[in-house]
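Please go through this chain with the local geometry in view. The report takes helices, ligand shells and backbone outliers in turn.

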Amino acid sequence: MNQRKVARDLHSIDEEEYIEDLKGIILDAAKRCRNCNYCFTICPLFHSTRGFMSQTPSGIMQSINYALKWDVFKGEDQEILRDLLYLCTTCNGCVLRCKSKATGLPVLDAIEAGRKLLREMMIGPLPQQRKPLKDIYLYGNPYGEKPERRVDWTKGLKVKIIPPERAEVLFYVGCTTAYEPSLHLIGKSLVRLLQSLHVDFGILNEEVCCGEPARRMGDEGLFQEMMNRNLDQFKSYGIKTIVSISPHCFNTFLNEYPTIQEEIKIQHYTEFLAEAFKGKKPLFKKEISSVITYHDPCYLGKHNQIFNAPRELLQMIPGVKLVEMKMTREESLCCGGGGGRMFAEVEEERRLSDMRITQALEAGANIIATACPWCYKMLQNSIQDSNLEDKIRAKDISIILSEALN
Ligand code: SF4
Ligand code: SF4
């Protein structure tokens, strides 16, 4: 059974049935795996770990499969299994590779079903991921920040706050941009860009987490609670379009909120702006003389095949020379921040974000652009930790576009 179907039906099935459905997803996918190894090289873990078989997509899937068959959920074994399952960044690379070269197995659904099982058995998530989950439950965000501070970053800006104001276009900011001071400029740049297009938009006064980190870390009950809170707000305020900063929130609304698309159009901001700025290129007057490479966020690219809109936007800016890294689009290397890994340190030989910065430098770029707050943070941390600030900078596309406005 498809994992999304399981989520959709969670309210109507008992716990035993839920567990059996999760086991079914794992056993079925593992049984159909040909062990052809095609999925290995696309997996970021192939590049960042010591490359044991168990650290590959099919290896992780078979580990939970055999744990179920042999019932090894005790002592040291359960921790080894947990660490393996939570190593996955949920980038979706293996799913695409298996589809194009092998049997098209739902590898990621099986891995995430394994996480949900471990969560049910109180084995998962990783110890460092427990607090963010508790904080989502208590405060509506994974950082333990006060809900009443969520719109503080808009001070001094003319932005509609819903309620009491109303707007059909909702600018969904997301927890990281709302609370992380180093990311407020992304939110402010988006406000400036939307205003330059005369879009009538607003921000929710009581915005809460979309629930993505909860689902990625295996907490289906918490995910469903956040989904229902969001859906209630969208419905009661008459939202018709959602424009999201984070590809993670975007993917969650688009693909994981089962009924939303009947009433609401969901767009990532790069799609929204690429459509809106088409034919309005002259708005970008200021020349930005930089060599820019674009890092595809997994939840925009590999999960939703949005590869062109971000590149089209960058090419609208006068002076920009766009270059590609050796791993790009569907072959793009994950930054390492997805799948709940923003909230935990995992054991790796090499950091994925460090490798990505090396690839950007090899491509001759002095800016690595992205369109995801988590990717930005991962890449920026690597630049700082490697003392490369004089050679390359990480920037969200929204900031570059805002700088280029006349
Ligand atoms: S590509 Fe598909 S069939 Fe081949 S090893 Fe990977 S998961 Fe199994
Ligand atoms: S989703 Fe990505 S990180 Fe996870 S196993 Fe598949 S390729 Fe590897």
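## Helix H10 and its packing

In this predicted model, the buried residues of H10 pack against three strands and three helices. The strands are E2 (169-172), E3 (201-204) and E9 (393-396). The helices are H9 (175-179), H14 (269-277) and H18 (397-404). Buried in H10 are His184, Ile186, Gly187, Ser189, Leu190, Val191, Leu193 and Leu194. An α-helix has 3.6 residues a turn, so residues three or four places apart point the same way.

Does the length of H10 agree or disagree with the expected span? The helix covers residues 184-196, which makes 13 residues. At 1.5 Å a residue, H10 should span 18 Å, and its end C-alpha atoms are 18 Å apart, so the two agree. After H10 comes His198, with a positive phi near 60°.

## Helix H15

H15 runs over residues 308-315. Its buried residues are Ala309, Pro310, Arg311, Leu313 and Leu314. Their cover includes the helices H14 and H18. It also includes strands E6 (291-294), E7 (321-323) and E8 (367-370). H14 and H18 also pack against the buried residues of H10.

## Two helix pairs

H2 (residues 15-32) and H7 (residues 107-120) have axes that come within 9 Å. They cross at roughly 145°, and the crossing is left-handed. From H2, the contact takes in Glu15, Tyr18, Ile19, Leu22, Lys23, Ile25, Ile26 and Ala29. From H7, it takes in Asp109, Ala110, Ala113, Gly114, Lys116, Leu117 and Glu120. By class, this contact has 9 nonpolar, 1 polar and 5 charged residues.

H8 (residues 130-139) and H12 (residues 220-236) pack at about 30°. Their axes are 11 Å apart. This crossing, too, is left-handed. Leu133, Ile136 and Tyr137 of H8 meet Leu222, Glu225 and Met226 of H12. The contact of H8 with H12 has 5 nonpolar, no polar and 1 charged residues.

## Leu27 on H2

Leu27 sits in helix H2. Is Leu27 buried, partly exposed or exposed? Its relative accessibility is 34%, so Leu27 counts as partly exposed. Buried would require under 20%, and exposed over 50%.

Leaving out residues up to four places away in sequence, Leu27 touches Asn65, Leu68 and Lys69. Leu27 and Cys249 are 222 residues apart in sequence. In space, their C-alpha atoms are 29 Å apart.

## Ligand shells

Which residues surround ligand 1? The cysteines are Cys33, Cys36, Cys39 and Cys98. The rest of the shell is Arg34, Asn35, Asn37, Tyr38, Ser58, Ala102, Thr103 and Val107. By class, there are 7 nonpolar, 4 polar and 1 charged residues around ligand 1.

Ligand 2 has its own shell. Its cysteines are Cys43, Cys88, Cys91 and Cys94. Pro44, Pro57, Thr89, Thr90, Asn92 and Ile111 also surround ligand 2. This shell has 7 nonpolar, 3 polar and no charged residues.

## Positive phi in the shells

Most residues other than glycine have a negative phi, and most peptide bonds are trans. Asn37, in the shell of ligand 1, has a positive phi near 70°. Asn37 lies in the loop between H2 and H3 (44-48). At 36% relative accessibility, Asn37 counts as partly exposed.

Asn92, in the shell of ligand 2, has a positive phi near 80°. Asn92 is in the loop between H5 (75-85) and H6 (93-101). Why does Asn92 count as buried? Its relative accessibility is 12%, and the cut-off for buried is under 20%.

## Cis peptide bonds

Where do the cis bonds at Pro163 and Pro164 fall? Pro163 lies in the loop between E1 (160-162) and E2, and Pro164 is found in that loop too. The bond from Ile162 to Pro163 is cis, with omega near -20°. The bond from Pro163 to Pro164 is also cis, with omega near 10°. E2 packs against the buried residues of H10 as well.

Technical notes. Residues numbered from 1 in each chain as written. Chains lettered and ligands numbered in written order. Predicted model: local features only at pLDDT ≥ 70, side-chain atom pairs only at ≥ 80, totals over all residues. Heavy atoms only, no water. Near = heavy atom within 4 Å. Nonpolar A, V, L, I, M, F, W, Y, C, P; charged D, E, K, R; others polar. Axes fitted to C-alpha atoms, helices over the stretch in contact; angles between N-to-C directions. Helix = DSSP H or I, 4+ residues; strand = E, 2+ residues; numbered from the N terminus. Left-handed = near helix turned anticlockwise from the far one by under 90°. Contact = heavy atoms within 4.5 Å. Buried < 20%, exposed > 50% of the residue type's maximum accessible area, 1.4 Å probe, protein only. Expected span 1.5 Å × (residues − 1).
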